[in-house]
Amino acid sequence: MYFRQLLNDETACASYLFGCNTAGELAVVDPHADLVDDYITAADAQGSRIAAVLETHLQADHVSGLPELVERTGATAYLPEGSGVEFEHHQLADGELVELGNTVIQAVATPGHASAHHAYLVTDHRRGEEPWMILTGDALLVGDAGRPDLHAHGDQTVEEMARTLYRSLTERLLALPDHLLLFPAHYSGSVCGRGLSGNPTSTLGFERRHNNALAYESEDEFVAALIEDIPPAPEQQAEIIAANRSGRRQATSV
């Protein structure tokens with residue numbers, strides 16, 4: 001399996017290009033608008049095409065590269081079911097698979113940072129029949145959990161989103177094996193978490209033992225800590241969400 005993590009230090013966003021070169025099909029997860037040329041150049045260098053573009057959730061801190069990637073490559077757009085976007089895409093249900101030759105991506109519903117949020121389990125069938133890694137989006141970060149306020153509205157209060165995230169972490173992600181490599185959507189410098197590590201990779205087991213956000217003994221303790229001293233929202237958050245919901249193509253971040 002070909003796998004590359006691409007980082008944008010200006011926004012501390014991590015995105016991913018990976019897939020099966022045998023089948024000549026690659027996926028991009030959480031693409032950043034500023035890196036579209038980099039994804040396409042890297043795929044071309046492998047002699048493969050970008051066949052799938054996935055978001056873990058509707059982004060609130062940067063403009064997505066998904067619309068431009070889909071237009072330039074003909075890839076299928078995938079978003080979690082219920083994302084509420086206004087452009088053509090495939091709505092991924094919890095547990096649904098995206099198959100790219102020997103590489104298989106499984107959606108794992110992990111709401112809480114956003115009401116529609118997936119982590120993606122990745123299996124490389126050339127290496128084994130069990131998942132090798134998980135892309136956790138903004139649910140579980142290296143050293144922290146995602147903030148619960150950016151997508152809270154109406155009945156989905158910040159506290160309720162935090163409670164939902166706690167259940168996603170404890171019942172979905174922490175039910176998975178410790179050996180899984182963990183690749184988040186953000187690292188130190190991002191507004192999407194506090195106390196993030198500058199190392200943009202980890203393992204599920206290491207985070208289980210050393211992530212402060214996972215050390216609380218109860219849901220109430222977790223929620224109280226997560227909603228205390230929440231940092232300011234990203235600049236132009238409303239404009240960024242509107243752009244990502246409508247699928248407007250932009251060459252750089254708002």
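Is R172 buried, partly exposed or exposed? In this predicted model, R172 has a relative accessibility of 30% and therefore counts as partly exposed. The residue forms a salt bridge with D94, in which the closest N and O atoms are 3.2 Å apart. The two partners come from distant parts of the chain, 78 residues apart: R172 belongs to helix α3, whereas D94 is in the loop between β6 (90-92) and β7 (97-100). D94, at 43% relative accessibility, is likewise classed as partly exposed, because the partly exposed range runs between 20% and 50%.

The pair D94 and R172 belongs to a structure in which a full search finds 12 salt bridges. Side chains of opposite charge can pair when their charged atoms come close. A further salt bridge joins R163 and E219, with an N to O distance of 3.0 Å. R163 is part of helix α3 and E219 of helix α5, so this pair ties together parts that are 56 residues apart in sequence. R163 has a relative accessible area of 18% and is therefore buried, since the limit for burial is under 20%. Both R163 and E219 also take part in a network of salt bridges, together with E159, E160, R167 and D220.

Helix α5 also has buried residues, namely F222, V223 and L226. Viewed down the axis of α5, these residues fall within an arc of 95 degrees and so line one face of the helix. An α-helix has 3.6 residues a turn, so residues three or four places apart point the same way. The cover over the buried residues of α5 includes β12 (144-145) and α3 (158-173).

Another salt bridge connects R72 with D37, and here the closest N and O atoms are 2.8 Å apart. This pair again links distant parts of the chain, with R72 in helix α2 and D37 in helix α1, 35 residues apart. R72 is partly exposed, at 43% relative accessibility, and D37 is also partly exposed, with a relative accessible area of 46%.

The largest nonpolar core comprises 24 residues, of which L17, V28, Y39, I50, V53, L66 and L69 touch the most other members. At least two residues of this core are supplied by each of β1 (2-8), β3, α1, β4 (49-54), α2 (66-73) and β5 (76-80). Helix α1 makes the largest contribution, with four residues. When neighbours within four places in sequence are set aside, L66 is in contact with P31, V53, E55, A77, L79 and F87. Apart from this core lies another, of 23 residues, which includes A145, Y166, L173 and L204.

Two aspartates deserve mention for their backbone geometry. D30 has a phi near 55 degrees, a positive value in a residue other than glycine. D229, also not a glycine, has a positive phi of about 55 degrees. D30 is situated in the loop between β3 (25-29) and α1 (36-45), while D229 occupies the loop between α5 (219-226) and α6 (237-246). With respect to solvent accessibility, D30 is buried, at 4%, whereas D229 is exposed, with a relative accessible area of 63%.

Conventions. Residues numbered from 1 in each chain as written. Predicted model: local features only at pLDDT ≥ 70, side-chain atom pairs only at ≥ 80, totals over all residues. Heavy atoms only, no water. Buried < 20%, exposed > 50% of the residue type's maximum accessible area, 1.4 Å probe, protein only. Core = buried A, V, L, I, M, F, W, Y, C linked by side-chain atoms within 4.5 Å. Contact = heavy atoms within 4.5 Å. Arc of directions from axis to C-beta. Salt bridge = Lys/Arg side-chain N within 4 Å of Asp/Glu carboxyl O.
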